[in-house]
Amino acid sequence: MASIRDVAQRAGVSVGTVSRYLNGQQLKQSNMEKIAEAIQSLDYQENIIAKGLKNNRSFSIGLLMNSISSRFGSEVVSGIEKVAEENGYSLLLSGFSSSAKKSDEKIEYLLKHAVDGLIVFLSGEEWTDILKLTQVNVPIVCLNSPDIAAVADVLLLDDRQSVQKVIEHYISIGHKKIGYIAAPQSDYTARERLLGAENAIVESQVELEIIVGDYTRKSGYYGAKQLLDWGATAIFVSNYNMSIGALSCFNQEGLVIGKDISFGHYDYLSEEDQSLLPQVTINPPAEKMGEKAAQLLLDRIKKTDITEVAKKQIIVMENKVLGF
C-alpha cells in the first residue's frame, strides 16, 4: 500500500506539501496537478483514522431532525449525504418526534460521538431557547430557524415571496375570492407562507379566506370544501399532503382545475414528474438545500481563523414557481 512519502517522491514535492494538499490547502496549480496524478497512479488511500487523531477530527457530521419521514426531509438528507460522502465524511443522523427535552438528549448523543459539526433541521418550534446550542463547541448550520442565527449559520427558503407571487398571479387574472389552506402556525415556514398570502392582498379589493389544517389529507379535503362553500374561485394549499385532500374534494364536487377552480400548492416532485393538471406549484430545492447545508458546515469545520468563524451567515434559497 502506497504511503504519503511515496506520493511525495512520485510528485517531486515534499511530504509537507502533500499533507497540505490532503488538508485542502491551496498550493501552486502545477504542484496540485502533480500530486493528484501521483495519488491516482499509486492508488493512494488516506488513513482517515490516523488523520483524524492528528487533526483532532472524527470526520463525521451530526444531523438532528424531526421530519425524516417526509419527502422534503428525505431529499434534504440525500443532499447532505452526497456532499459528506464526496468529502470523506460520514453522517450520523439522530431523529425524534416529541419534545424539546428529547431534542436536547439527541444533541448530547451526537456530541458524545465526537461529531465535527452539527446540522439542525426542525420543522416545528422545538426550541424554547437557544441555551443548549450556545454550549455546543462545534460549527452549526440550521435549516429554517432564523431565531438561532446568533449561534449558527442559517439556511432559509423564500417561502413568503413565493406564495405572494402565486396569490398576486390569481389577483392579476381577476379572482376576487381566494382561499388559503394553511399549516398550523407553530413553525417558521408555515407563518412565512401565510404572510406571503396576506401581503399579496394588501391594497387590493380581494377577499382572502384562511382555513388552518393539520397537514393531513383529510384536513385538506374539508378545508377545500369550506372554501368552495364560501365561494372561493382560487385556492392555494400550503402543504403537499393537504393538497391531495383538496384534489379529492374537487374530484368529488365535479370541478375541473383551470376551468371551474384555480389551484396551487407546494410540491416536492421534480419538474419532469409534475402533474399535467393546469395548476401552480411551488417547488422547494430540497436536495440542493441539503447539499448547501453540508458544504457550508464543512467550510466552517475547515476554517481556523477565529474572525472568520465568528461571522454567521443567513442564506436564502429560491423556490421554483411553476405553472404560469
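How exposed is K225, in terms of its relative accessible area? The points below take up this residue and several other features of the structure, which is a predicted model.

1. The opening question concerns helix α10. K225 has a relative accessible area of 26%, so it is classed as partly exposed. Its side chain meets that of D229 in a salt bridge, with N and O 3.4 Å apart. Both residues belong to helix α10 (residues 217-230), where a spacing of 4 residues separates them by about one helical turn. D229, for its part, is exposed, with a relative accessible area of 58%.

2. A second pair is formed by R300 and D153, whose closest N and O atoms are 2.6 Å apart in a salt bridge. This contact joins distant parts of the chain: R300 is in helix α12, D153 is in strand β5 (residues 153-157), and their positions lie 147 residues apart in sequence. Burial means a relative accessible area under 20%. R300 is therefore buried, at 6% relative accessibility, and D153 is buried as well, at 1%.

3. Helix α12 also takes part in a third pair. The side chains of E291 and K82 form a salt bridge with an N to O distance of 3.4 Å. E291 lies in helix α12 (residues 286-302) and K82 in helix α5 (residues 71-86), so the salt bridge ties together parts of the chain that are 209 residues apart in sequence. K82 is partly exposed, at a relative accessible area of 40%. The salt bridges in the model number 5.

4. On cysteines, the search of the whole structure returns 0 disulfides. Two cysteines may be noted for their burial: C142 counts as buried at 0% relative accessibility, and C249 is likewise buried, with a relative accessible area of 0%.

5. Helix α3 merits a separate comment on its geometry. It covers residues 29-42, and at 1.5 Å a residue its 14 residues should span 20 Å; the C-alpha atoms at its ends are 20 Å apart, which agrees with that expectation. Just after α3, D43 adopts a positive phi of about 55°.

6. The two faces of α3 can be described in turn. The buried residues in this helix are N31, M32, I35, A38 and I39. These residues lie on the same side of α3, because they cover an arc of only 130° around the axis. The elements that cover them include α1 (4-11) and α2 (15-22). On the face turned away from this buried side, α3 carries the exposed residues E37 and Q40.

7. Some totals place these details in context. The secondary structure consists of 13 helices and 12 strands. The protein has 324 residues, and buried residues make up 47% of them. Among contacts with a separation of 6 or more, 68% are between residues 24 or more positions apart. The accessible surface comes to about 16,500 Å², and carbon and sulfur atoms account for 48% of that surface.

Note on methods: Residues numbered from 1 in each chain as written. Predicted model: local features only at pLDDT ≥ 70, side-chain atom pairs only at ≥ 80, totals over all residues. Heavy atoms only, no water. Salt bridge = Lys/Arg side-chain N within 4 Å of Asp/Glu carboxyl O. Helix = DSSP H or I, 4+ residues; strand = E, 2+ residues; numbered from the N terminus. Buried < 20%, exposed > 50% of the residue type's maximum accessible area, 1.4 Å probe, protein only. Disulfide = S-S within 2.5 Å. Expected span 1.5 Å × (residues − 1). Arc of directions from axis to C-beta. Contact = heavy atoms within 4.5 Å. Areas by Shrake-Rupley, 256 points an atom, 1.4 Å probe, with all protein chains shown as cover.
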